[in-house]
Amino acid sequence: MNPTRRKHLVRKLKKLCHTLNETSIGLIRGSLVRGQKKCGRKGCACNEGKLHRHVVISTQGEGKSHIVYVPVTDEEQAVASIAAYNETWRLIEEISLINIELFKAGVLSVANPKKTKHDSSRNRKTAI
Ligand SMILES: [Zn+2]
């Protein structure tokens with residue numbers, strides 16, 4: 001790998017990692033589900049067919065599916081949080097492609113490797 005290409009990739013990698021750090025704040029893994037329902041209160045307009053709109057986030061965690069109620073006022077935030085999750089994965093894929101290219105060229109190194117007392121031979125390559 002020529003030095004110009006390496007410099008370009010490292011610069012791009014640092015920028016992507018910075019963006020990843022910013023993007024991942026507030027991310028939520030899940031899907032937004034919009035629907036309509038009756039509330040069950042006597043005399044409510046929903047009994048006449050004017051159903052209440054509701055929004056939930058369908059997500060998974062600890063091996064289970066979860067539904068999280070989204071207040072109408074927070075719908076925009078929920079959309080943004082789910083978009084942040086998807087963007088985070090896109091950034092990770094892009095970072096991985098750059099790292100594969102650096103790895104193939106023998107110039108990839110983990111910036112902060114875990115070291116043990118008896119492991120001084122690890123990660124001898126220059127940190128990027
Ligand atoms: Zn109702």
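Trainee: So a helix is a DSSP run of H or I, at least four residues in length, and helices are numbered from the N terminus. With that in hand, what phi does G106 take, just after α2?
Mentor: In this predicted model, G106 follows right after α2 and has a positive phi of about 75 degrees.

Trainee: And α2 itself, what span should its residues give?
Mentor: Helix α2 covers residues 75-104, which is 30 residues; at 1.5 Å a residue they should span 44 Å, and the end C-alpha atoms are indeed 44 Å apart, so the two agree.

Trainee: Okay, zooming out. How many helices and strands are there?
Mentor: The chain has two helices and three strands. Their pattern along the sequence is α-β-β-β-α.

Trainee: In what order do the strands sit in the sheet?
Mentor: They form an open sheet in the order β1-β2-β3, and the pairing is antiparallel. At the edges are β1 (31-37) and β3 (64-70); each has a single partner strand, so one side of each lacks a neighbour in the sheet. On average, neighbouring strands are turned by 35 degrees against each other, ignoring direction.

Trainee: How many bridges do β2 and β3 share?
Mentor: Seven, linking β3 with β2 (residues 52-61) in the antiparallel sense. One to look at is G61, whose bridge partner in β3 is K64.

Trainee: Switching topic, what share of the residues is buried?
Mentor: Of the chain's 128 residues, 4% count as buried.

Trainee: And what about contacts, how many join residues at least 24 apart?
Mentor: Among contacts between residues at least 6 apart in sequence, 51% do.

Conventions
Residues are numbered from 1 along each chain as its sequence is written. This is a predicted model: local features need pLDDT of at least 70, side-chain atom pairs count only at pLDDT 80 or more; totals for chains, interfaces and linings use all residues. A residue is buried if 20 or more other C-beta atoms lie within 10 Å of its own, exposed if 12 or fewer, and partly exposed in between; C-beta atoms are placed from the backbone. Two residues are in contact if their C-beta atoms, placed from the backbone, lie within 7 Å. Two strands pair if DSSP finds at least two bridges between them. Axes are lines fitted to C-alpha atoms, for helices over the stretch in contact, and angles run from 0 to 180 degrees between N-to-C directions. The expected span of a helix is 1.5 Å times one less than its number of residues.
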